[in-house]
Amino acid sequence: MLALLWIELNKIYRRPRTYIAFGAMAAIVWLIQLALYFDGQAYVDLLLSNLSGSFEFSDLFKTHLLNGYLICFVILNTLLIQMPLLVALVAGDAIAGEAAQGTLRFQLTRPITRAQLIGIKFTAAVVYVISLLLWLAILALLGSVLLFGINDLVVLRSTGIEQMQMDDVFWRYLAAFCFAAVALTTVAALSLLLSVLADNPIGPIISTMSVVIVFTILSEMNIPIYDTTVKPWLFTTHMVAWKGFFYVQADAEGTTIRGSIENLPAVFRSLGILLGYIVLFLGAAIYIFRRKDILT
Amino acid sequence: METLVHVEHLSKRFGSFEAVRDVSFAVQRGQVYGFLGQNGAGKSTTLRMLMTLIRPSSGSIEVFGLDLFRHRREILRQVGAVIEKPDHYGYLSAYENLRMAAVLCGLRPERKKLMEQLAFVGLADRSQSPVKTFSQGMKQRLGIATALVHDPSLIILDEPTNGLDPLGIADIRDLIRRLSREQGKTLIVSSHLLSEIELIADSLLILHQGEKRMEGKLQDLLNPAETVAELELNDRQLADTVFSQTDFICSVDWRSDRQCCIRLPKNRIPDLVHRLSETGVAIQAVASRHSLEYYFLQLTQTEPHAGAVVD
């Protein structure tokens, strides 16, 4: 199995187009970092302007606010919405791309089962997701920390602000990246399922993005009837639950508690739902693929 | 002789279209078994079912005495195939593609062994070139190398000479002969080219519109002492009288009121021409026709013949 996985990874990472995703991510991160490096204070003022009625901020606070941790948070907020497209480019191509190329026959006339092949493709997609996130971590977290230094992280919420001490932040990022890996793996599993249904990679890639866009819109809409009936079951609602690691508990005096998470059960619930979706998508992909006639 | 492949009442439907209908055949160990049929006859669909790419709608397939779909992995370990056209990863080299095929077969390939395989198909000097730079013939040969990489005892080649120039066709033909004669492999080779099948196959299955039209040994089918003469005559009635009185004629097949095909011993064509001339039948043209082609057309012609076959 490891040898087969190695082959699959070799195929993914030997293709020049795989690196388009890495290049696009680098471009976005560097543009954000560049803008904040030269005009960061204006960005901070804009952020705080919404809260200025109820809070007063010292100049020192404002100076410390703009640090590597905050910039990484801003980048994650921006990029984790776009990353499903990058994942779909590889996972959507996994079966349909091989079918279009004719190489699916090459694989399926060998003594490996179809379920095994799906398993290998899925594992390779997970490795790709992890490599994308590692790249993002290097660019957004390490890069921003090196460029802007570290300080306490302040996260703005509609209900107020969350402040975390600088030595209480790094583990939260680790947890957030791990959660993002599960969230993006859900997209990879969906894309793989759609890839099994098609003989051309364009269809599954576009379909994945369409599903993600439609579900995200539904997740964001403020229609009461959807809040309890639809939203809790959409995987896109739970893909952003990584933010939960940056919402902290406060004691009676309003001081944030180190190492705390405001609603850990909600984060775990989201994780469970995403894992459920992965099992569902993957199971459906195996079920369909085992019965599919290979005509290409 | 050991039966390697045993197919019984195989059918495949795609919606309302029946691509293969009630086909049965058996392939013996060591044979080169030819699948002959026009485009769309059901050859590729049948071969895809033999490689488990397509599930049959009904019927059974046994390979090495085992049910194909129950013992798929076990069977495919001993089967190598190139279905329709050999498709490889263009950005990888020939060596990498071959190595990938070996790993997919569960092998831990040694470089030396893979290079020997490439040398066998004449690609040793291009082992490191990306496959996208290969000609169709080279891709075909690499396809055969990937089919052979795990030393299978049964090899299935679907239209292996498609898209090749005459030199490439001769290369592949030579390769198939070497596999059969030198290595004792069993091969199933499909083609729509009569001459190719005649040159390489021991036994033959003719498919037409999804149905089996004939199965048998080529030597039984093609009597080397017989030929088919295609004649253009001016008087069908008179000619028929001559034919009915001529004892060495095996069969007469009228294609039109003026054209007929006569199966007869090779050395009796002058006698026939002489008899026809003597009776006053004017012979406007005489041509010796390829016997397999004649046989194939007889079996696969959908339009009713202009005349009945007389035996």
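The following exercises, each with a worked solution, concern a predicted model containing chains A and B.

**Exercise 1. Determine whether the end-to-end distance of helix 1 of chain A agrees with its number of residues, and how its buried residues are arranged around the axis.**

Step 1. Helix 1 of chain A has 13 residues, and at 1.5 Å a residue it should span 18 Å. The expected span is 1.5 Å times one less than the number of residues. The end C-alpha atoms of the helix lie 18 Å apart, so expectation and model agree.

Step 2. List the buried positions: Leu4(A), Ile7(A), Glu8(A), Lys11(A) and Ile12(A). Viewed down the axis of helix 1 of chain A, these buried residues occupy an arc of 135 degrees and therefore line one face of the helix. An α-helix has 3.6 residues a turn, so residues three or four places apart point the same way.

Step 3. Turn to the other face. Directed away from the buried side of helix 1 of chain A are the exposed residues Leu2(A) and Arg14(A).

Step 4. Identify the packing partners. Within chain A, the buried residues of helix 1 pack against helix 2 (18-49), helix 4 and helix 7 (114-148); from chain B, helix 3 (94-104) is a further partner.

**Exercise 2. Describe the contact between chain A and chain B from the side of chain A.**

Step 1. Count the participants: 20 residues of chain A are in contact with 20 residues of chain B.

Step 2. Assign elements. Helix 1 (2-14) and helix 6 (103-108) of chain A each contribute at least two residues to the side that touches chain B.

Step 3. Classify the residues. The side of chain A that touches chain B comprises eight nonpolar, six polar and six charged residues.

**Exercise 3. Establish whether Ile95(A) is buried or exposed, and which residues it contacts.**

Step 1. Locate the residue: Ile95(A) is in the loop between helix 4 (68-91) and helix 5 (96-101) of chain A.

Step 2. Apply the criterion. A residue is buried if 20 or more other C-beta atoms lie within 10 Å of its own. Ile95(A) has 29 other C-beta atoms within 10 Å and is therefore buried.

Step 3. Set aside neighbours within four places in sequence. Ile95(A) is then in contact with Leu104(A), Lys121(A), Leu192(A), Ser195(A) and Val196(A).

Step 4. Consider the largest nonpolar core, which has 175 residues. Leu192(A) is among the members that touch the most others, as are Val87(A), Ala125(A), Ala189(A) and Ile156(B). The core also draws at least three residues from each of domain 1 (3-220) and domain 2 (226-300) of chain B.

**Exercise 4. Characterise chain B and the contact between its two domains.**

Step 1. Describe the chain. Chain B has eleven helices and 14 strands, and its C-alpha atoms fill a box of roughly 75 × 45 × 35 Å along the principal axes. Of its 311 residues, 42% count as buried.

Step 2. Separate the domains. The assignment gives domain 1 (3-220) and domain 2 (226-300) of chain B, with centres 39 Å apart over C-alpha atoms.

Step 3. Examine the contact. Domain 1 of chain B supplies eight residues and domain 2 of chain B six residues. Helix 7 (194-200), strand 9 (203-208) and strand 10 (211-217) of chain B each provide at least two residues on the domain 1 side. By class, that side has four nonpolar, two polar and two charged residues.

Terms used. Residues numbered from 1 in each chain as written. Chains lettered and ligands numbered in written order. Predicted model: local features only at pLDDT ≥ 70, side-chain atom pairs only at ≥ 80, totals over all residues. Contact = placed C-beta atoms within 7 Å. Helix = DSSP H or I, 4+ residues; strand = E, 2+ residues; numbered from the N terminus. Nonpolar A, V, L, I, M, F, W, Y, C, P; charged D, E, K, R; others polar. Buried ≥ 20, exposed ≤ 12 C-beta atoms within 10 Å, placed from the backbone. Core = buried A, V, L, I, M, F, W, Y, C linked by C-beta atoms within 7 Å. Domains from an automatic or database assignment. Arc of directions from axis to C-beta.
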